Amino acid sequence: MACATIHRGFTVPQLLRGASRILPTHSALVVLRHSAFCYCTVNSTIKSKRKMDHLERTANNFRQEVISQAKVCGISNESETVKRLRLAITNKDFTFKAGQWVDFFIPGLSVVGGFSMCSSPGLLKREGILELAVKHTDHPPAHWIHTECTLDSEVALRVGGDFFFDPQPGDSPVKLVLIAGGVGINPLFSILLHIADLHGYQEGKGNGYKMGTVKLYYSAKNSSQLLFKQSSPVCEELRPHVTEGRISEKDLEKHVSKDTLWYICGPPPMIESISKLLSDIGVPRNCIFFEKWW
């Protein structure tokens, strides 16, 4: 199946300089107090399971105890099928790591949603705002967001997930390759924005975590389904990096190094395919992290 793929590489200074064109502008990040990296080992064969309820599927994942009330303060169309929500968080103890998700509780609805953040932890700390980008499906929470959610709707959120990037000031620099499929871009976009925050803090304060290079590979069925491109059709700056076809071994093997970490999020078949490809080109399993969306 053909797909539109953005092969986009960023050095860290480019992330900061390009913020006004590609990424929302961010100020310095106060260093988070959470532990460093979460290493998820990829099994030799990742088998897709039957479609399960979010709570059942994530029963063994980390969850915070804190549940916070939140109010919808912004709704926009990220694409024809994806709505972006801005949520004002009232609980000052509510925090998350870039890449994690929330349990999404809707008053009067028994089914609990599960959606990855697409904003940075820094935005929450600075403005008390968290953002989600939710694709329309028949699943009750997603359906509610697309058909009933309005400004000032109230929901409750609880953070969970073992897929995140949270380096600390004393950690050794690493390079990242982020590989996303469809709405699987959400947690990786959160990580990308977090890296921009970390760089801004390091550049402004002269200390903190110093990031290596970041490469983003992002695939969708067509260019209209590529999220966070800031304009439609694809903006001039990104157009040279958009190609047709699947992400290949040739695309990725040039990024293999001993200090590179690989983060993958997308449909299970894509994760299985990319994980095998990375194994075939010699990437150690403990350098690969993945999050499946269903």
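## Glu131, a buried acid

Glu131 counts as buried, because its relative accessibility is 7% and the cut-off for buried is under 20%. Keep in mind as you read that this is a predicted model. Glu131 belongs to strand β6, which covers residues 129-135.

Which residues does Glu131 touch, once its neighbours within four places in sequence are left aside? The list is Arg84, Leu85, Arg86, Met117, Cys118, Ser119 and Leu123. Try finding each of these in the structure above, starting from strand β6.

## Tyr263 and its surroundings

Next, look at strand β11, residues 260-266, where you will find Tyr263. Is Tyr263 buried or exposed? Tyr263 is buried, because its relative accessible area is 0%. The side chain of Tyr263 reaches the backbone oxygen of Phe164 at a distance of 3.1 Å.

Tyr263 also shows how a chain can bring separate stretches together. Ile288 is 25 residues from Tyr263 in sequence, yet their C-alpha atoms are 6.1 Å apart in space.

## Rings that meet

How many aromatic pairs does a search of the whole structure find? The search gives 6. One of them joins Phe163 and Tyr263: their ring centres are 5.4 Å apart and their planes meet at 70 degrees, so this pair is edge-to-face. Phe163 sits in the loop between β7 and β8 (175-181), while Tyr263 is in strand β11, so the pair ties together parts that lie 100 residues apart in sequence. Phe163 and Tyr263 are both buried.

Phe165 pairs with Tyr263 too. Here the ring centres are 6.1 Å apart and the planes are at 85 degrees, so this pair is edge-to-face as well. Phe165 is in the loop between β7 and β8 and Tyr263 is in strand β11, so the pair links parts 98 residues apart in sequence. Both Phe165 and Tyr263 are buried. Taken together, ring pairs join Phe163, Phe165, Tyr263 and Phe289 into a cluster.

## Helix α7

Helix α7 runs over residues 268-280 and gives you a nice check to try. At 1.5 Å a residue, its 13 residues should span 18 Å, and the C-alpha atoms at its ends are indeed 18 Å apart, so the two values agree. The calculation multiplies 1.5 Å by one less than the number of residues.

Which residues of α7 are buried? They are Pro268, Met270, Ile271, Ile274, Ser275, Leu277 and Leu278. An α-helix has 3.6 residues a turn, so residues three or four places apart point the same way. The buried residues of α7 pack against β8, α6 (249-253), β11 and β12 (288-292). Just after the helix, Gly282 takes a positive phi of about 90 degrees.

## An unusual phi at Asp152

Most residues other than glycine have a negative phi. Asp152 is not a glycine, but it has a positive phi of about 80 degrees. Where is Asp152? Its place is in the loop between α4 (140-147) and β7 (154-160). Asp152 counts as exposed, because its relative accessibility is 53% and the cut-off for exposed is over 50%.

## Cysteines without a bridge

A disulfide is a covalent bond between the sulfur atoms of two cysteines. How many disulfides does a search of the whole structure find? The search finds 0.

Two cysteines are worth a look for their surroundings. Cys73 is partly exposed, with a relative accessible area of 39%, whereas Cys287 counts as buried at 12% relative accessibility.

Key: Residues are numbered from 1 along each chain as its sequence is written. Side-chain values use heavy atoms; hydrogens and water are left out. Helices (H or I, at least four residues) and strands (E, at least two) are DSSP runs, numbered from the N terminus. Buried means under 20% relative accessible area, exposed over 50%, partly exposed in between (1.4 Å probe, protein chains only). A polar contact is a pair of N or O atoms within 3.5 Å; within protein, one must be able to donate a hydrogen and the other to accept it, and residues adjacent in sequence count only if both atoms are side-chain atoms. Contact means heavy atoms within 4.5 Å. A disulfide is a pair of cysteine sulfur atoms within 2.5 Å. Rings of Phe, Tyr and Trp (its six-membered ring) pair if their centres lie within 6.5 Å; planes under 30 degrees apart count as stacked, over 60 as edge-to-face and the rest as tilted.
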